[in-house]
Amino acid sequence: VALALRAYKTWRVQNGGPSMFNVHGKLYSDEHLLWVAYAQTWCAKQTPKAMAQQGLTDPHNPGRLRVLGPVQTTERFSDLFKCGEGAAMNPAHKCMLWEG
């Protein structure tokens, strides 16, 4: 996600374009929408039985964890969405494998 954000920013500098978008009467920055789009990519509704089956048969993390892990460990997300320190989406201890 950090790499996608960096790539987008590079593209935007080279190509221009709006940085704010009106979505149902509320203004969002392009970065806000990048994070929302990322989360929506993995959005799914599963029954507990389906999640248990996935855990037994699929080596990949469920979509929820594919969103929470990267989002919770990215300083830019917590700054942008104004998540308080220690909040669920901004834990005090973060594990960063690489910076974006």
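Reader: Hi! How many salt bridges does a search of the whole structure find?
Author: Hello! The search finds four. Keep in mind that this is a predicted model.

Reader: Which residue forms a salt bridge with Lys9?
Author: That is Glu31, with the closest N and O atoms 3.7 Å apart. The pair links distant parts of the chain, since Glu31 sits in helix 2 and Lys9 in helix 1 (residues 2-15), 22 residues apart.

Reader: Is Glu31 buried or exposed?
Author: Glu31 is buried, with a relative accessible area of 11%. Lys9 is partly exposed, at 36%.

Reader: And which residues are linked in a network of salt bridges?
Author: Lys9, Glu31 and Arg76 are. Arg76 forms a salt bridge with Glu31, and there the closest N and O atoms are 2.8 Å apart. Arg76 belongs to helix 5 and Glu31 to helix 2, so this pair ties together parts that are 45 residues apart in sequence. Arg76 is partly exposed, with a relative accessible area of 32%.

Reader: Nice. What does the side chain of Lys94 meet in a salt bridge?
Author: Lys94 meets the side chain of Glu75, at 3.8 Å from N to O. Lys94 lies in the segment after helix 5, while Glu75 is in helix 5, so parts 19 residues apart in sequence are tied together. Lys94 counts as partly exposed at 24% relative accessibility, and Glu75 is partly exposed at 46%.

Reader: Changing topic: how many disulfides does the structure hold?
Author: Zero.

Reader: Why is there no bond for Cys43?
Author: Because the closest cysteine sulfur, in Cys83, is 18 Å from the sulfur of Cys43, too far for a bond. Cys43 is exposed, with a relative accessible area of 63%, whereas Cys83 is buried, at 19%.

Reader: Which residues make up the largest nonpolar core?
Author: There are nine residues in all, and Cys83 is one of them. The others are Leu5, Leu34, Trp35, Tyr38, Val67, Val71, Phe77 and Leu80.

Reader: Which element gives the most to this core?
Author: Helix 2 does, with three residues. Helix 4 (63-72) and helix 5 (75-80) also give two or more residues.

Reader: What is Leu34 in contact with, leaving aside its neighbours within four places in sequence?
Author: Leu34 is in contact with Ala4, Leu5 and Tyr8.

Reader: Last one: where does Asp30 lie, and what about its contacts?
Author: Asp30 lies in helix 2 (residues 30-41) and is buried, with a relative accessible area of 12%. Leaving aside its neighbours within four places in sequence, Asp30 is in contact with Tyr8, Arg12, Pro18, Ser19 and Phe21.

Conventions
Residues numbered from 1 in each chain as written. Predicted model: local features only at pLDDT ≥ 70, side-chain atom pairs only at ≥ 80, totals over all residues. Heavy atoms only, no water. Helix = DSSP H or I, 4+ residues; strand = E, 2+ residues; numbered from the N terminus. Buried < 20%, exposed > 50% of the residue type's maximum accessible area, 1.4 Å probe, protein only. Contact = heavy atoms within 4.5 Å. Disulfide = S-S within 2.5 Å. Core = buried A, V, L, I, M, F, W, Y, C linked by side-chain atoms within 4.5 Å.
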